[in-house]
Amino acid sequence: MPKPLAGIRVIELANFIAGPLAGTLLADMGADVVKIEPPQGDMGRATPPIRAGESVSFVALNRNKRSLVLDLKRPQAIEILLKLARVSDVVLEAYRPGALDKLGLGAAHVKAVNPRIVYTSVSGFGQTGPDRRRAGVNLIIEAFSGALSVTGEPGKMPMRPGVQTADVFGALFAAYATLAALVGAARNGEGRIADVALVEASIAAAAWEVAEYLETAKVPQPLGNRHRLNAPYQLFETKDGRYLAIGTPNDGLFARLMQVLHLDTHVGDPRFSSYSKRKANEDALLALVEPAVRGRGCQELEQALLVAGVPCARVNNFKEVFDDPQIIARGVMQELAHPRLGKMRTTRNPVLFDHGGPAIDRHAPMLGEHSEEVLATLGYSPAEIRDLVAAGVTRVAPSQRDRPARRARA
């Protein structure tokens, strides 16, 4: 059964996380993603951990793609890329704004050879505005966008998130923009140019904080582990030094929590009688709840709350995550074979379809692994490919050098 994006060809020009993750999301759904890499490779190939000369981080982030090496400083490489664009559906790029225009590969250049193509640009600050050329890696975006200003404990240095939030938000919005544009192109025959800024993706993700500021003009502050609108809804320390997340977003759940904690005599307290009153009297409420939680063991209390139907979870480390029966039952961790790394473990796409869904069909490509294959698709002969390699226009993976070029899907 074909996947939803089978038959869609994507040209990816991107490094590290945001652009490559967007490309992987499309590849998982069946798109043929041709990753264009410079002779030295995606910069993500240098990120640890490194095993057998391969970055495991890169491998985890770039599955289901093909690698074509092109030195875009050379006119022949530009010619090859425009040939590929003629038979492609999407260009997904994450270069600094203006860089590809100078090379003759900007949106206008590509659409001149293929008006139906979707051209998605991912950048830190967007393609326009005074900061369009400003460098914007994940931490810088989190700082600029306001996300860090509400993260951490009140009165202390902001705490950066433990995961790459800005890059992931940007990747999700880039994939969303690309898919929407593909639907439009299929319906009306005209591609679109999408401009996705990581800063704006992070601002969009801060929906409650932004709404609070725009409505009240009050600057949102960090709240530590507390929730901006609800109480109790935070992390609590238990008797054995573990941390338990507990959330009670309605009156019924609040009452159940208080019963499990043997604090049900306080359920009728006027200070705690509604959603808004509990938040307004949060300090008084936590003065009751925190000691009660601290007097219980994490596992025992978590189980009691689960039986009562109260949303809760201990703070798991990643070993505990992958040992959990739910994660095992859902097959989140999968094994795949890599030509250099051998058998390795990775995670599947988080989306499940009833049929034709995403799957890991191809290991992350080694640098230049598919250069011959893609060039042959574009009509280059084995001799011409050898000349391009000798001229430094392209590069092939070591395993390719002793075999002739083969033709793939046109």
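**Reading helix H10 and the salt bridges**

Reader: What phi does His-262 take just after H10?

Author: A positive one, about 60°. Helices (H or I, at least four residues) and strands (E, at least two) are DSSP runs, numbered from the N terminus. Keep in mind that this is a predicted model, where local features need pLDDT of at least 70, side-chain atom pairs count only at pLDDT 80 or more, and totals for chains, interfaces and linings use all residues. Residues are numbered from 1 along each chain as its sequence is written, and side-chain values use heavy atoms, leaving out hydrogens and water.

Reader: Which residues of H10 are buried?

Author: Buried means under 20% relative accessible area, exposed over 50%, partly exposed in between (1.4 Å probe, protein chains only). In H10 (residues 251-260), that picks out Leu-253, Phe-254, Ala-255, Leu-257, Met-258 and Val-260. They pack against strand S10 (243-247) and helices H11 (275-280), H12 (282-294) and H13 (298-308), contact being heavy atoms within 4.5 Å.

Reader: How many salt bridges are there?

Author: The rule wants a side-chain nitrogen of Lys or Arg within 4 Å of a carboxyl oxygen of Asp or Glu. The count comes to 25. Take Asp-32 and Arg-66, whose side chains meet at 2.7 Å, N to O. Asp-32 sits in strand S2 (residues 32-37) and Arg-66 in strand S5 (residues 65-69), so the pair ties together parts 34 residues apart in sequence.

Reader: Is Arg-66 buried or exposed?

Author: Buried, at 4% relative accessibility. Asp-32 counts as buried too, at 16%.

Reader: What about Glu-320 and Arg-242?

Author: Their closest N and O atoms are 3.1 Å apart, in a salt bridge. Glu-320 belongs to helix H14 (residues 318-323) and Arg-242 to the loop between S9 and S10, so this pair links parts 78 residues apart in sequence.
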